[in-house]
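Trainee: Could you take me through the salt bridges of this model, looking closely at one of them and at how its two partners are placed?

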Amino acid sequence: MSGESAHILLVDDDARLRALLSRFLTENGFRVTMAETAAEARDKLRFMDFDLLVLDVMMPGETGLSLTGDLRGERAPTLPILLLTARGAPEDIVAGFEAGADDYLGKPFDPRVLLARIRAMLRRAQPAVVQTGPLQLGTAIFDAARAELVGPDSRIRLTGAELSLLSALAARPHEILSREALAAALGLDDVNERAIDVQVTRLRRKIEEDPREPRFLHTVRGKGYVLKPGP
């Protein structure tokens, strides 16, 4: 859902920050449900539907990284997740993306930046239809119009970031796309090369028989990535 009626789950152990962000997002037309811990978030996810999760990394008990990784299993593989953290070192950002987050925002931040990130993530959750037919990736078929990757036995689940990345590559097969172009497709403000590489690695695990020896999603050193569909 890209409209301002989207339902957001806001998870942070800082009561003051929760209240401030909830009020700000509500004033901008969103529905907001709050949780203080990962355990409380799990309960709400069990009984309510959300369009996006804003999740603090450092919380008492289970961390946001742990919850993100678990949700990327069977629970909520496509739910857009934005991580909030005071730890903004490159290795912390990489850890967030490797856990399955779609975006990452360091504290302190301007609420208007958070709002812009949320809107961009919700737009990406409804990927634009590209002008290309289904593409064969070995035993799998990617249909951008349907926003789905289907294997020989079942649909292969993609996160929002993985879907945006594959859609961008599939729109221009056999053409090298720079990290800048892929960052734009993922809605990232800055070109964080490691963040793009992490998403590519995650996508390869879904489409390649051997991600270490990719047949379809190739690295072009110094230039970017290229998708080469085929049987």
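**A salt bridge within a helix**

Mentor: In this predicted model, the side chains of Lys-44 and Glu-40 are joined by a salt bridge, with an N to O distance of 3.9 Å. That distance counts because the cut-off for a salt bridge is within 4 Å. As for where the partners sit, both belong to helix H2, which covers residues 38-47, and because they are 4 residues apart there, about one helical turn separates Lys-44 from Glu-40. Lys-44 is partly exposed, its relative accessible area being 22%, and Glu-40 is likewise classed as partly exposed, at 31% relative accessibility. Lys-44 is therefore not counted as buried, since that class is reserved for values under 20%.

To set this pair in context, the model has 16 salt bridges by the rule applied here. Among them is the pairing of Arg-155 with Glu-148, whose side chains meet at 4.0 Å, N to O; Arg-155 is exposed, with a relative accessibility of 54%. Another joins Arg-212 to Asp-210, where the closest N and O atoms lie 3.4 Å apart. In that pair, Arg-212 is exposed at 74% relative accessibility, whereas Asp-210 is partly exposed at 27%. Finally, salt bridges also link residues into a network, which is made up of Asp-12, Asp-56 and Lys-107.

Terms used:
Residues are numbered from 1 along each chain as its sequence is written. This is a predicted model: local features need pLDDT of at least 70, side-chain atom pairs count only at pLDDT 80 or more; totals for chains, interfaces and linings use all residues. Side-chain values use heavy atoms; hydrogens and water are left out. Helices (H or I, at least four residues) and strands (E, at least two) are DSSP runs, numbered from the N terminus. Buried means under 20% relative accessible area, exposed over 50%, partly exposed in between (1.4 Å probe, protein chains only).
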